[in-house]
Amino acid sequence: MAADPTAPTASEAPATAREWHLAARPQGWPVPADFALVEAPVRTPGPGEVLVRNAFLSVDPYMRGRMNDMKSYIPPFQLGRAMDGGAVGYVVASEAEGFAPGDAVLHGLGWREYATVPAKLAVKVDPAAAPLSAYLGVLGMPGLTAYAGLLSVGALKEGDRVFVSGAAGAVGSLVGQIAKLKGAALVVGSAGSAEKVAKLTGDYGFDAAFNYKDGPVGEQLAKAAPDGIDLYFDNVGGDHLEAAISALGVHGRAVLCGAIAQYNDTSAPAGPRNLAMAIGKRLRLEGILVGDHAALQPQFVAEVAGWLKEGGLRFDETVVDGFENTPEAFLDLLRGGNTGKMVVRLDG
Ligand code: NAP
């Protein structure tokens with residue numbers, strides 16, 4: 001893999017750089033004051049470490065859960081400390097074998113301009129094979145979530161009728177398209193605007209789509225899939241999950257990937273109220289955590305890269321410019337301001 005000649009060099013590494021800290025734990029929707037922009041020393045890498053100048057940062061829905069002080073599958077962000085998350089950037093100094101200045105790497109110390117990263121937690125990526133930001137989306141964590149959730153947890157079969165919520169987002173847009181590529185008989189998606197709905201049936205080739213803000217999800221789903229569904233990929237929870245439970249046929253499956261409709265709720269969610277239907281229909285509702293599916297990574301990259309090359313799979317990114325705009329990009333993601341993967345591009 002050739003080093004990128006435009007990548008920054010060690011001599012460009014400043015003594016200090018900016019990072020975003022968690023300033024307060026939100027109650028309900030986060031507000032700008034929950035984040036603090038802090039100038040902090042850039043630490044020279046020690047043995048086994050690399051210093052990375054971040055080029056793109058990922059903002060993801062799961063980060064909202066990490067702002068709460070709650071035990072979960074991933075520890076909460078610490079008050080007064082730098083936040084973290086997916087990032088891609090260029091090595092500017094290396095004390096680790098196999099890593100040289102100019103190498104592009106994916107790692108977990110986002111929400112900062114420069115990161116001193118243990119090399120064992122950094123993965124080299126090829127900027128010639130795909131745009132760097134794609135390693136945060138279609139070829140990264142959201143891509144693997146869609147792939148593993150649909151094919152491994154959801155056990156998609158040819159001829160399945162599939163419904164996916166959050167369908168114009170990073171995960172959902174891939175779920176629907178992969179379902180079509182793998183022979184689903186019907187793919188229905190829901191999203192939160194007319195533009196997104198048009199994209200689903202246009203660019204992404206869904207068979208039907210609806211705007212969940214236009215009317216009850218159950219009614220709109222019944223129109224789009226009058227004979228029901230076999231598989232539901234849930235990114236939203238609440239009314240969407242309730243509608244899917246009603247629409248699923250006997251031995252139907254639901255992949256529980258996310259419940260974004262309730263991430264900012266301050267009270268317990270009202271639904272789904274029809275869970276008991278799962279008994280008679282012998283439904284299987286199974287959660288997915290992408291971290292459990294690392295073994296699928298080589299197969300995922302090979303198959304998805306192939307589809308991208310052939311033009312069978314499309315993806316979108318919503319790019320927010322400027323490190324200072326990272327919290328706003330995150331808030332806009334929660335509000336539905338993105339189509340495809342939301343990323344922040346740092347000033348070159
Ligand atoms: P995304 O879909 O790109 O962005 C989030 C989208 O959620 C927004 O664009 C918005 O689109 C939608 N949304 C926000 N509030 C909503 C509401 N009240 N009802 C319905 N939709 C709402 O994000 P992503 O990264 O692809 O993640 C999608 C889901 O997968 C999230 O729930 C996330 O937590 C989950 N996830 C889980 C795993 C795992 O391992 N389990 C891994 C990655 C992601 P609209 O304009 O359509 O409302």
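Start by selecting Gly-172, which sits in helix 3 (residues 170–181); helices here are DSSP runs of H or I with at least four residues, strands are E runs of at least two, and both are numbered from the N terminus. The model is predicted, so local features need pLDDT of at least 70 and side-chain atom pairs pLDDT 80 or more, while totals for chains, interfaces and linings use all residues. Residues are numbered from 1 along each chain as its sequence is written, and side-chain values use heavy atoms, without hydrogens or water.

Stay on Gly-172. Its relative accessibility is 0%, so Gly-172 counts as buried (under 20% relative accessible area, with a 1.4 Å probe and protein chains only). Show its contacts (heavy atoms within 4.5 Å): leaving aside residues up to four places away in sequence, Gly-172 touches Val-164, Ser-165, Gly-166, Ala-167, Phe-206 and Asn-235. Then add Gly-189, 17 residues from Gly-172 in sequence and 8.2 Å away, C-alpha to C-alpha.

Next, select helix 5 (residues 217–224) and helix 6 (residues 238–247), whose axes are 9 Å apart at an angle of about 40 degrees. The two helices are therefore oblique to each other (neither under 35, over 145, nor 65 to 115 degrees). On helix 5, pick Val-217, Gly-218 and Leu-221; they meet Asp-239, His-240, Ala-243, Ala-244 and Ala-247 of helix 6.

Finally, colour by pLDDT, the predictor's confidence in each residue from 0 to 100. The chain mean is 95, and 96% of residues reach 70 or more. Among the elements, helix 8 (residues 297–310) has the lowest mean, 96, and strand 8 (residues 161–164) the highest, 99.

Notes:
Axes fitted to C-alpha atoms, helices over the stretch in contact; angles between N-to-C directions. Buried < 20%, exposed > 50% of the residue type's maximum accessible area, 1.4 Å probe, protein only.
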